[in-house]
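Hi,

Here is the structure I said I would pass on. Have a look at it first, and then read my notes below.

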Amino acid sequence: MKIPEFQYLFNELKNWLAGKGLAGNELIYSYFLIGLVAVILFLFVTILVTRQVFIVVVKSAKTKSDWQKALFEFRVFRAFALIFGAYIIYNVVPYLFVYFKNWHFYALILAKIYMVLAVMFAVNAFLNAVVSIMESSKKYADKPIRSYKQVAKIVFYIVGFVLILSIILGESPVYVFGGFGAVTAVFILVFRDPILGFVASVQMSAIDLVRVGDWITVEKYGADGEVTEINLTTIKVRNWDKTVTIVPSYAIVSESFKNWRAMEESEGRRIKRHINIKISSIKFCDEELISRLQSIDFLKDYLRETQAFIERYNAENTVNPNNLVNGRHMTNIGTFRVYAEKYLESNPYINKELTFMVRQLQATENGLPIEIYVFSKEKALKRFEEVAADIFDHLLAAVPYFDLEIFQSPSGSDMRNFVRRGDS
């Protein structure tokens, strides 16, 4: 509706009241009250009709989609309908307050501010709907969309604040923006975290550092779990024990952290654990031990082939058989390593295409470590731990069959037994 039409309606109202014999203050206040009531009713009907028109147009679409649901969920239609209402109020104020010159100025300022707020409210609802649609899409589900939404909102709120301030001061928005140069340092100080968070979000998205759904470990902040939300200034992590840790976004870029996504996308999860063997139990295999080990299915072929090779080597080199140090002989620790390899090769949950080895580490005061370095096909934490536990349950139980001992620091009861034996 155009301004002349508003003028015509208010002139008709004034003439109608004058025809009723009203004059002076009675005419002025009656004109204002009746006009105000009429504007409120007209405003209500306009907003309601505008909203319903939007809804009907959207519902008329043949296919239902996520964007329709989001527009309704975040009340985008009601928000845009308020803009029409603000436009009406702005055009009505000059005629409604025609007899109130002092109020007219302030009412016009309030009407302009209401228009700015209505636009901000509508844009806020629209941004929420757009972000909701993008987050429901597989293409953007793992991107820090909320960070960009928050940046857009901050920028838009700043613009809205400047416009409102310029309306109140009666100055151009350019003038108000120019005045911000004097408070730039304060502005940067106040918005330090959002600025750093925005830069970090851009970097995380550009080089794909972190996605929603990734399992990350940030030791400094005690975070060890799944990323559930990436905001402008923070990253929310649900830890393995269901607690929640908040990590600053810029910490992901500026500090060290571990992302387990590569492991989850690979063909296996690493098992890297060792068994400490008591060094004093390591020895050459005698005939009795070899005879016992030949009953182990995994070692039958190995023992036969290795024993034949050793006998041939020692015979060719005329080795003195009276001392096992001479020539070549099998050891119980080496045979145990071979057994561990054969056992792991038979395990259907181990990926043989990835790194696969059983190795010795440097001997320490805690014995000789025999390390298992393989990859489990099971990557989910529970199944992974079950696979690893089954492997070491078996190997720990198998160690005594090779006349080996597991290194274990003496406990209190061990020391008491030692003292008793010494006394006796």
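Let's start with valine 45, which sits in helix α2 (residues 24–59). This is a predicted model, by the way. Is valine 45 buried, exposed or partly exposed? Its relative accessibility is 45%, and buried means under 20% while exposed means over 50%, so valine 45 counts as partly exposed. Together with Phe44, Leu48 and Val49, Val45 makes up a nonpolar patch on the surface, and the four have about 370 Å² of accessible area together.

Now for the inside. In soluble globular proteins, nonpolar side chains tend to be buried together. The largest nonpolar core here has 35 residues, and the ones touching the most other members are Ile271, Leu299, Ile372, Ile391, Leu395 and Phe402. Two strands, β6 (269–277) and β8 (368–376), each give two or more residues to this core, and so do the helices α12 (287–293), α13 (300–316), α14 (332–345) and α15 (381–398).

Take leucine 395 as an example: beyond its neighbours within four places in sequence, leucine 395 contacts Ile275, Phe336, Tyr339, Ala340, Tyr343 and Ile372. There is also a second, separate core of 12 residues, with Val218, Val227, Ile235 and Ala251 among them.

One last residue to look up is serine 249, in helix α10 (residues 249–254). Serine 249 has a relative accessible area of 0%, so it is buried. What does serine 249 touch, not counting residues up to four places away in sequence? The list is Gly197, Ala200, Met204, Asn231, Leu232, Thr233, Thr234 and Ile235.

Cheers

Technical notes: Residues are numbered from 1 along each chain as its sequence is written. This is a predicted model: local features need pLDDT of at least 70, side-chain atom pairs count only at pLDDT 80 or more; totals for chains, interfaces and linings use all residues. Side-chain values use heavy atoms; hydrogens and water are left out. A nonpolar core is a set of buried Ala, Val, Leu, Ile, Met, Phe, Trp, Tyr and Cys residues joined through side-chain atoms within 4.5 Å. Buried means under 20% relative accessible area, exposed over 50%, partly exposed in between (1.4 Å probe, protein chains only). Helices (H or I, at least four residues) and strands (E, at least two) are DSSP runs, numbered from the N terminus. Contact means heavy atoms within 4.5 Å. Patches are made of residues with over 30% relative accessible area and no salt bridge: like charges are joined within 9 Å, nonpolar side chains (Val, Leu, Ile, Met, Phe, Trp, Tyr) within 5 Å. Accessible areas come from the Shrake-Rupley method with a 1.4 Å probe; for residues, only the protein chains shown count as cover. A salt bridge is a side-chain nitrogen of Lys or Arg within 4 Å of a carboxyl oxygen of Asp or Glu.
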